[in-house]
Amino acid sequence: MSQGFSIELYFDPALENQVLKAWNVLARRQISTQLIEIESRPHITLFSSPFLDPARLESVVKSFVSKQEPLPLSFSSFGTFPNEKNHLYLAPAPTMALLQFQAQLCEAIKKEGIEIGEKFKADAWIPYCAVAQQVPKTRMAEAFCVLRELKLPVSGYAMDIGLVEFSPVREHFSFGLGNAVEP
(Lines give C-alpha, C1' and ligand atoms only; values in the text may rest on other atoms or scores of the structure.)
Protein backbone atom coordinates (compact mmCIF):
# COMPACT_ATOMS: atom_id res chain seq x y z
CA MET A 1 0.00 0.00 0.00
CA SER A 2 1.43 3.35 -1.07
CA GLN A 3 2.16 5.95 1.59
CA GLY A 4 2.53 8.70 -0.98
CA PHE A 5 4.52 10.25 -3.78
CA SER A 6 7.48 12.63 -3.85
CA ILE A 7 9.29 14.63 -6.48
CA GLU A 8 12.94 14.30 -5.57
CA LEU A 9 16.03 16.23 -6.59
CA TYR A 10 18.99 13.88 -7.19
CA PHE A 11 22.70 14.66 -7.03
CA ASP A 12 25.75 14.09 -9.18
CA PRO A 13 27.51 10.76 -8.42
CA ALA A 14 30.28 12.29 -6.27
CA LEU A 15 27.84 14.19 -4.03
CA GLU A 16 25.50 11.19 -3.85
CA ASN A 17 28.44 9.04 -2.70
CA GLN A 18 29.24 11.51 0.09
CA VAL A 19 25.68 11.16 1.42
CA LEU A 20 25.76 7.37 0.99
CA LYS A 21 28.95 7.28 3.05
CA ALA A 22 27.02 8.78 5.99
CA TRP A 23 24.13 6.32 5.47
CA ASN A 24 26.56 3.39 5.45
CA VAL A 25 28.44 4.46 8.59
CA LEU A 26 25.15 4.91 10.45
CA ALA A 27 24.00 1.49 9.21
CA ARG A 28 27.28 -0.26 10.15
CA ARG A 29 27.00 1.16 13.66
CA GLN A 30 23.38 -0.04 13.74
CA ILE A 31 22.11 3.47 14.43
CA SER A 32 19.79 3.73 11.41
CA THR A 33 19.24 1.52 8.38
CA GLN A 34 15.77 2.63 7.29
CA LEU A 35 16.79 4.69 4.23
CA ILE A 36 18.80 1.77 2.89
CA GLU A 37 16.02 -0.74 3.69
CA ILE A 38 13.35 1.23 1.82
CA GLU A 39 15.74 1.48 -1.16
CA SER A 40 15.79 5.26 -1.09
CA ARG A 41 18.36 7.34 -2.93
CA PRO A 42 20.00 10.49 -1.53
CA HIS A 43 17.78 13.43 -2.47
CA ILE A 44 16.06 16.66 -1.51
CA THR A 45 12.27 16.40 -1.56
CA LEU A 46 10.81 19.19 -3.68
CA PHE A 47 7.14 18.19 -3.41
CA SER A 48 5.15 15.40 -1.80
CA SER A 49 1.52 14.32 -1.77
CA PRO A 50 -0.31 11.30 -0.38
CA PHE A 51 -2.28 10.88 -3.63
CA LEU A 52 -1.53 11.78 -7.22
CA ASP A 53 -1.52 10.42 -10.73
CA PRO A 54 2.08 9.95 -11.92
CA ALA A 55 1.05 10.11 -15.59
CA ARG A 56 -0.49 13.52 -15.00
CA LEU A 57 2.79 14.89 -13.62
CA GLU A 58 5.22 13.34 -16.09
CA SER A 59 4.80 15.91 -18.87
CA VAL A 60 4.81 18.81 -16.37
CA VAL A 61 8.09 17.67 -14.80
CA LYS A 62 9.67 16.84 -18.17
CA SER A 63 8.83 20.29 -19.52
CA PHE A 64 10.08 22.00 -16.33
CA VAL A 65 13.44 20.20 -16.21
CA SER A 66 14.13 20.81 -19.89
CA LYS A 67 14.42 24.54 -19.09
CA GLN A 68 16.71 24.04 -16.07
CA GLU A 69 20.44 23.65 -15.69
CA PRO A 70 22.26 21.49 -13.13
CA LEU A 71 21.98 23.30 -9.81
CA PRO A 72 25.00 23.87 -7.54
CA LEU A 73 24.48 22.48 -4.02
CA SER A 74 26.57 22.71 -0.88
CA PHE A 75 25.62 20.79 2.25
CA SER A 76 27.13 22.94 4.95
CA SER A 77 25.38 21.81 8.14
CA PHE A 78 23.32 19.01 9.65
CA GLY A 79 20.42 18.87 12.05
CA THR A 80 17.20 17.28 13.23
CA PHE A 81 13.60 18.39 13.33
CA PRO A 82 11.94 19.20 16.69
CA ASN A 83 9.64 16.18 16.76
CA GLU A 84 9.60 12.59 17.97
CA LYS A 85 10.64 11.00 14.66
CA ASN A 86 14.37 11.50 15.33
CA HIS A 87 15.31 12.12 11.71
CA LEU A 88 18.74 13.54 10.91
CA TYR A 89 19.53 15.49 7.78
CA LEU A 90 22.17 17.39 5.86
CA ALA A 91 21.13 20.97 5.13
CA PRO A 92 22.06 22.61 1.85
CA ALA A 93 22.92 26.29 1.82
CA PRO A 94 19.50 27.76 0.92
CA THR A 95 20.59 29.63 -2.18
CA MET A 96 18.17 31.80 -4.11
CA ALA A 97 18.63 29.45 -7.09
CA LEU A 98 17.53 26.41 -5.04
CA LEU A 99 14.57 28.21 -3.46
CA GLN A 100 13.39 29.59 -6.81
CA PHE A 101 13.83 26.18 -8.47
CA GLN A 102 11.50 24.54 -5.94
CA ALA A 103 8.97 27.41 -6.03
CA GLN A 104 8.84 27.36 -9.84
CA LEU A 105 8.35 23.58 -9.89
CA CYS A 106 5.47 23.84 -7.42
CA GLU A 107 3.94 26.66 -9.46
CA ALA A 108 4.03 24.43 -12.57
CA ILE A 109 2.38 21.60 -10.58
CA LYS A 110 -0.25 23.98 -9.19
CA LYS A 111 -1.16 25.08 -12.75
CA GLU A 112 -2.16 21.44 -13.36
CA GLY A 113 -4.73 21.73 -10.56
CA ILE A 114 -2.66 19.75 -8.06
CA GLU A 115 -2.78 21.17 -4.55
CA ILE A 116 0.52 22.22 -2.96
CA GLY A 117 0.61 21.32 0.74
CA GLU A 118 1.69 23.92 3.31
CA LYS A 119 5.15 22.35 3.79
CA PHE A 120 5.98 22.87 0.12
CA LYS A 121 4.79 26.45 -0.31
CA ALA A 122 7.58 28.90 -1.13
CA ASP A 123 7.53 30.62 2.27
CA ALA A 124 7.56 27.38 4.27
CA TRP A 125 9.68 24.82 2.39
CA ILE A 126 12.83 23.66 4.17
CA PRO A 127 15.35 21.94 1.89
CA TYR A 128 17.12 18.97 3.44
CA CYS A 129 18.64 15.60 2.60
CA ALA A 130 17.72 12.83 5.05
CA VAL A 131 20.66 10.80 6.38
CA ALA A 132 18.88 8.84 9.14
CA GLN A 133 15.31 8.13 10.17
CA GLN A 134 13.88 6.91 13.44
CA VAL A 135 17.18 7.06 15.30
CA PRO A 136 16.69 5.67 18.82
CA LYS A 137 16.71 8.57 21.28
CA THR A 138 19.60 6.95 23.16
CA ARG A 139 21.71 6.93 19.96
CA MET A 140 21.11 10.53 18.79
CA ALA A 141 24.35 11.87 20.31
CA GLU A 142 26.35 9.10 18.63
CA ALA A 143 24.61 9.79 15.30
CA PHE A 144 25.52 13.46 15.57
CA CYS A 145 29.13 12.47 16.21
CA VAL A 146 29.10 10.40 13.00
CA LEU A 147 27.82 13.40 11.05
CA ARG A 148 30.46 15.65 12.60
CA GLU A 149 33.07 13.35 11.05
CA LEU A 150 31.85 14.32 7.58
CA LYS A 151 34.09 16.94 6.13
CA LEU A 152 31.47 19.64 5.58
CA PRO A 153 30.77 21.39 3.40
CA VAL A 154 30.27 18.76 0.72
CA SER A 155 29.41 20.27 -2.62
CA GLY A 156 28.25 19.18 -6.03
CA TYR A 157 25.28 19.53 -8.32
CA ALA A 158 21.63 18.54 -8.50
CA MET A 159 21.42 16.70 -11.81
CA ASP A 160 18.03 14.95 -12.05
CA ILE A 161 14.44 15.05 -10.81
CA GLY A 162 12.42 11.90 -10.25
CA LEU A 163 8.92 10.98 -9.11
CA VAL A 164 8.85 8.16 -6.59
CA GLU A 165 6.18 6.27 -4.76
CA PHE A 166 6.97 5.06 -1.25
CA SER A 167 7.52 2.98 0.80
CA PRO A 168 9.52 0.99 -0.34
CA VAL A 169 10.71 3.53 -2.88
CA ARG A 170 9.69 2.88 -6.49
CA GLU A 171 10.67 5.36 -9.17
CA HIS A 172 8.01 6.20 -11.77
CA PHE A 173 10.24 8.44 -13.91
CA SER A 174 13.27 10.71 -13.78
CA PHE A 175 14.67 13.38 -16.06
CA GLY A 176 18.03 15.12 -16.23
CA LEU A 177 18.13 18.87 -15.72
CA GLY A 178 18.67 20.65 -19.04
CA ASN A 179 21.20 18.54 -20.88
CA ALA A 180 22.44 17.15 -17.52
CA VAL A 181 26.04 16.99 -18.68
CA GLU A 182 28.37 16.02 -15.86
CA PRO A 183 30.18 19.15 -14.57
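These legends accompany several close-up views of a predicted protein model.

Because this is a prediction, local features are described where pLDDT is at least 70, side-chain atom pairs count only at pLDDT 80 or more, and totals for chains, interfaces and linings use all residues. Residues are numbered from 1 along each chain as its sequence is written, and side-chain values use heavy atoms, with hydrogens and water left out.

**View 1. The whole protein has 5 helices and 7 strands.** Helices (H or I, at least four residues) and strands (E, at least two) are DSSP runs, numbered from the N terminus. If you trace the chain along its sequence, the elements follow the pattern β-α-α-β-α-β-β-α-β-α-β-β. The C-alpha atoms fill a box of roughly 45 × 40 × 30 Å along the principal axes. The radius of gyration is 16 Å, which agrees with the value near 16 Å for a compact globule of 183 residues; it is taken over C-alpha atoms, and the globule rule is 2.2 Å times the number of residues to the power 0.38. Of the 183 residues, 45% are buried. Here buried means under 20% relative accessible area, exposed means over 50%, and partly exposed lies in between (1.4 Å probe, protein chains only). The protein exposes about 9700 Å², and carbon and sulfur atoms supply 52% of that area; accessible areas come from the Shrake-Rupley method with a 1.4 Å probe, and for residues only the protein chains shown count as cover. Among contacts (heavy atoms within 4.5 Å) between residues at least 6 apart in sequence, 79% join residues at least 24 apart.

**View 2. Helices H3 and H4 cross here.** The axes of H3 (residues 54–66) and H4 (residues 96–111) come within 10 Å and cross at roughly 145°. Those axes are lines fitted to C-alpha atoms, for helices over the stretch in contact, and angles run from 0 to 180 degrees between N-to-C directions. The crossing is right-handed: a crossing has that hand if the near helix is turned clockwise from the far one by less than a right angle, and is left-handed if anticlockwise. On the H3 side, look for Leu57, Val60 and Phe64, which meet Phe101, Gln104, Leu105, Ala108 and Ile109 of H4. By class, this contact has 7 nonpolar, 1 polar and no charged residues. Ala, Val, Leu, Ile, Met, Phe, Trp, Tyr, Cys and Pro count as nonpolar, Asp, Glu, Lys and Arg as charged, and the others, Gly among them, as polar.

**View 3. Gln134 sits in the loop between strand E5 (129–132) and helix H5 (140–148).** With 54% relative accessibility, Gln134 counts as exposed. Leaving aside neighbours within four places in sequence, Gln134 is in contact with Gln34, Lys85, Asn86 and His87. His87 is 47 residues from Gln134 in sequence, yet their C-alpha atoms are 5.7 Å apart in space. Phi of Gln134 is near 55°, a positive value in a residue other than glycine.

**View 4. Glu39 also has a positive phi, near 60°.** Most residues other than glycine have a negative phi. Glu39 lies in the loop between helix H2 (34–37) and strand E2 (44–49). This residue counts as exposed, because its relative accessibility is 58%.

**View 5. Two cis peptide bonds can be found in loops flanking strand E6.** Most peptide bonds are trans. One cis bond joins Leu152 and Pro153, with omega about 5°, and Pro153 lies in the loop between H5 and E6 (154–166). Another joins Phe166 and Ser167, where omega is also about 5°; Ser167 is placed in the loop between E6 and strand E7 (170–176).

**View 6. Gly162 is a buried residue of strand E6.** Its relative accessible area is 0%, so Gly162 counts as buried. Not counting residues up to four places away in sequence, Gly162 touches Ser6, Ile7, Glu8, Tyr10, Phe173 and Ser174. Ala27 is 135 residues from Gly162 along the chain, and their C-alpha atoms are separated by 25 Å.

**View 7. Met96 belongs to helix H4.** Met96 counts as exposed, because its relative accessibility is 56%. Between Met96 and Pro168 there are 32 Å, C-alpha to C-alpha, and the two are 72 residues apart in sequence.
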